[in-house]
Amino acid sequence: MTDSEFFTRFAVVTDLGIMYQAAYYSCPQAIQEQWFTKAIHNGGWALQVCFRTKDKSRIYIFHENEFIVCFKVNRQVIPDEHKYLYFMELERLKKLKRGQRKLRGARRRGLKIKGHHFL
């Protein structure tokens with residue numbers, strides 16, 4: 001067996017990517033055709049992949065009469081406390097934006113807000 005030999009197996013399209021041997025892969029075709037979003041809504045599906053025996057950084061899929069290279073995706077796990085802080089900041093920004101809209105509306109109508117008169 002040499003490094004240039006190809007093998008064929010099955011992978012599964014999931015919401016996280018094309019999963020093969022506990023690793024995830026992606027390609028422009030999958031992103032453009034929204035495969036991962038479709039997998040969320042319709043469930044995943046199997047597809048045939050080719051790979052080289054020693055090179056796990058990429059796999060190849062046969063799609064619409066051509067081989068497409070899919071590259072390994074390095075998934076990062078984001079700690080829950082970072083997610084929480086991120087979403088809290090988003091909520092703060094949304095409230096700020098709503099406040100700015102109210103203020104602009106009041107200015108247009110010439111209303112008084114908290115002791116200020118806008119002309």
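The following exchange examines how the strands and one helix of this predicted model are assigned.

Colleague: What makes strand 1 and strand 4 a pair?

Modeller: Two strands pair if DSSP finds at least two bridges between them; eight bridges join strand 1 (residues 6-14) to strand 4 (residues 45-52), so the criterion is met, and the two run antiparallel. One of the contributing positions is Phe7, whose bridge partner in strand 4 is Phe51.

Colleague: How do you know that strand 3 pairs with strand 2 and with strand 6?

Modeller: The cut-off is at least two bridges, and strand 3 has three bridges to strand 2 and three to strand 6 (residues 66-73), so both count as pairs, each in the antiparallel sense. Tyr25 of strand 3 takes part on both sides, standing opposite Ile18 and opposite Lys72 in strand 6.

Colleague: What lies between strand 2 and strand 3 in their hairpin?

Modeller: Two residues lie between them, and Gln21 in the turn has a positive phi of about 50°.

Colleague: Why are both faces of strand 3 called covered?

Modeller: Buried means under 20% relative accessible area, and because Ala23 and Tyr25 on one side, as well as Tyr24 and Ser26 on the other, are all buried, both faces are described as covered.

Colleague: In what order do the strands close into a barrel, and where does helix 2 lie?

Modeller: Six strands close in the order 1-2-3-6-5-4 with antiparallel pairing, and the twist averages 45° from one strand to the next. Helix 2 (residues 35-42) lies across strands 1, 2, 3, 4 and 5, running at about 60° to strand 1.

Technical notes: Residues are numbered from 1 along each chain as its sequence is written. This is a predicted model: local features need pLDDT of at least 70, side-chain atom pairs count only at pLDDT 80 or more; totals for chains, interfaces and linings use all residues. Side-chain values use heavy atoms; hydrogens and water are left out. Helices (H or I, at least four residues) and strands (E, at least two) are DSSP runs, numbered from the N terminus. Axes are lines fitted to C-alpha atoms, for helices over the stretch in contact, and angles run from 0 to 180 degrees between N-to-C directions. Contact means heavy atoms within 4.5 Å. Buried means under 20% relative accessible area, exposed over 50%, partly exposed in between (1.4 Å probe, protein chains only).
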